[in-house]
Amino acid sequence: MARIDIPAGDDPESIRLLGLQPSMGNAMAVLADAIYSKSSLNVRVREAIRMRVAQINQCQICLQFRFPELLSAGIDEEFYEAVTNWQQSEILNVSEKLGIEYAELFIQDHLRIDDAFFTKLKNKFSEIEIFEMTTTIAGLLASGRLMQVLQIEQSCAI
């Protein structure tokens with residue numbers, strides 16, 4: 001049960017919550033749309049980041065959610081399992097591992113993100129991709145934590 005009163009209705013709590021303050025709700029929806037359908041970020045990098053953020057946030061919906069259309073990109077259960085032990089993975093490539101490392105640092109120890117780390121990012125990603133990764137990590141972190149802290153009954157609206 002949600003920690004705050006949200007509008008009644010037939011939609012899931014996560015959707016009804018966005019209606020509490022439409023400007024903020026719309027902004028969250030626009031960001032989610034940008035992350036999932038407007039980003040030029042490699043889909044395997046984005047999905048590795050999404051799963052690592054879900055693991056850190058302990059978002060049960062995101063941990064279980066799979067995009068069926070990503071199977072053609074080799075994103076299967078073996079891929080998701082590899083995210084957990086990404087440093088030892090032989091399945092994930094250098095870019096995917098770097099995206100996961102960036103997500104971990106951003107969420108758990110952002111002050112360790114120094115110029116040397118950004119040099120590593122710039123050796124693998126364009127300026128736009130770095131911005132997209134940063135925005136993706138921030139958006140997924142914020143959305144997941146918002147739902148967890150407010151104890152919103154979650155259903156995936158992706």
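**Group meeting talk: a walk through a predicted helical model**

Let's begin with Gln-58, which sits in the loop between H3 and H4. Before going on, please keep in mind that this is a predicted model. Gln-58 has a phi near 55°, a positive value in a residue other than glycine. Why mention that? Most residues other than glycine have a negative phi. As for its surroundings, Gln-58 counts as partly exposed because its relative accessible area is 43%, and that class lies between 20% and 50%.

There is a second residue of this kind. Gln-151, in the segment after H8, has a positive phi of about 50° although it is not a glycine. At 38% relative accessibility, Gln-151 is partly exposed too.

Now to the cysteines. How many disulfides does the structure hold? The number is 0. Cys-59 takes part in no disulfide, and its nearest cysteine sulfur, that of Cys-62, is 3.4 Å away. Seen from the other side, Cys-62 is in no disulfide either, with the sulfur of Cys-59 as its nearest, at 3.4 Å. A disulfide needs the two sulfur atoms within 2.5 Å, so a pair at 3.4 Å is not counted. Is Cys-59 buried or exposed? Its relative accessibility is 4%, so Cys-59 counts as buried.

Next, the inside of the model. Which residues touch the most other members of the largest nonpolar core? That core has 37 residues, and the answer is Ile-49, Leu-121 and Met-133. Two or more residues come from each of helix H2 (22-38), helix H3 (43-57), helix H4 (60-64), helix H5 (77-84), helix H6 (94-108), helix H7 (115-124) and helix H8 (127-149). The most generous of these is H3, with 7 residues.

Let's take Met-133 as our guide here. Beyond its neighbours within four places in sequence, Met-133 is in contact with Leu-41, Val-45, Ile-49, Gly-99, Tyr-102, Leu-121 and Phe-125. Apart from the largest core lies another one, of 5 residues, including Ala-2, Ile-6, Leu-17 and Ile-152.

Leu-17 deserves a closer look. This leucine belongs to helix H1 (residues 13-18) and is buried, with a relative accessible area of 9%. Which residues does Leu-17 contact, once neighbours within four places are left aside? They are Ile-4, Ile-6, Leu-146, Met-147, Leu-150 and Ile-152. To give you a feeling for distance, the C-alpha atoms of Leu-17 and Leu-71 are separated by 32 Å, with their places 54 residues apart along the chain.

On to H8. This helix has 23 residues, and at 1.5 Å a residue they should span 33 Å; the end C-alpha atoms are 33 Å apart, so the two values agree. Among the buried residues of H8 are Ile-130, Met-133, Ile-137, Leu-140, Leu-141 and Met-147, and Glu-132 is in that list as well. What do the buried residues of H8 pack against? Their partners are H1, H2, H3, H6 and H7.

Helix H3 also has a charged residue to show you. Arg-52 lies in H3, and at 14% relative accessibility it counts as buried. Not counting residues up to four places away in sequence, Arg-52 touches Val-83, Trp-86, Ile-100 and Glu-104.

Finally, the aromatic rings. A pair of aromatic rings is described by the distance of the centres and the angle of the planes. The whole structure has 6 such pairs. In one of them, Tyr-36 and Phe-67 are tilted, at 5.6 Å centre to centre and 35° between the planes. Tyr-36 is in helix H2 and Phe-67 is in the loop between H4 and H5, so this pair ties together parts that are 31 residues apart in sequence. Both Tyr-36 and Phe-67 are buried. Phe-67 also forms an edge-to-face pair with Phe-65, at 4.9 Å centre to centre and 85° between the planes. Here the accessibility values are 23% for Phe-65, which counts as partly exposed, and 8% for Phe-67, which counts as buried.

Phe-67 has another visitor: the charged end of Arg-46 sits over its ring, 5.4 Å from the centre. In a similar way, the charged end of Arg-66 sits over the ring of Tyr-80, 3.9 Å from its centre. Elsewhere, ring pairs link Tyr-102, Phe-106, Phe-117 and Phe-118 into a cluster.

Thanks for listening, everyone!

How values were computed
Residues numbered from 1 in each chain as written. Predicted model: local features only at pLDDT ≥ 70, side-chain atom pairs only at ≥ 80, totals over all residues. Heavy atoms only, no water. Buried < 20%, exposed > 50% of the residue type's maximum accessible area, 1.4 Å probe, protein only. Core = buried A, V, L, I, M, F, W, Y, C linked by side-chain atoms within 4.5 Å. Helix = DSSP H or I, 4+ residues; strand = E, 2+ residues; numbered from the N terminus. Contact = heavy atoms within 4.5 Å. Phe/Tyr/Trp six-rings, centres within 6.5 Å; stacked < 30°, edge-to-face > 60°. Lys NZ or Arg CZ within 6 Å of the ring centre and 35° of its normal. Expected span 1.5 Å × (residues − 1).
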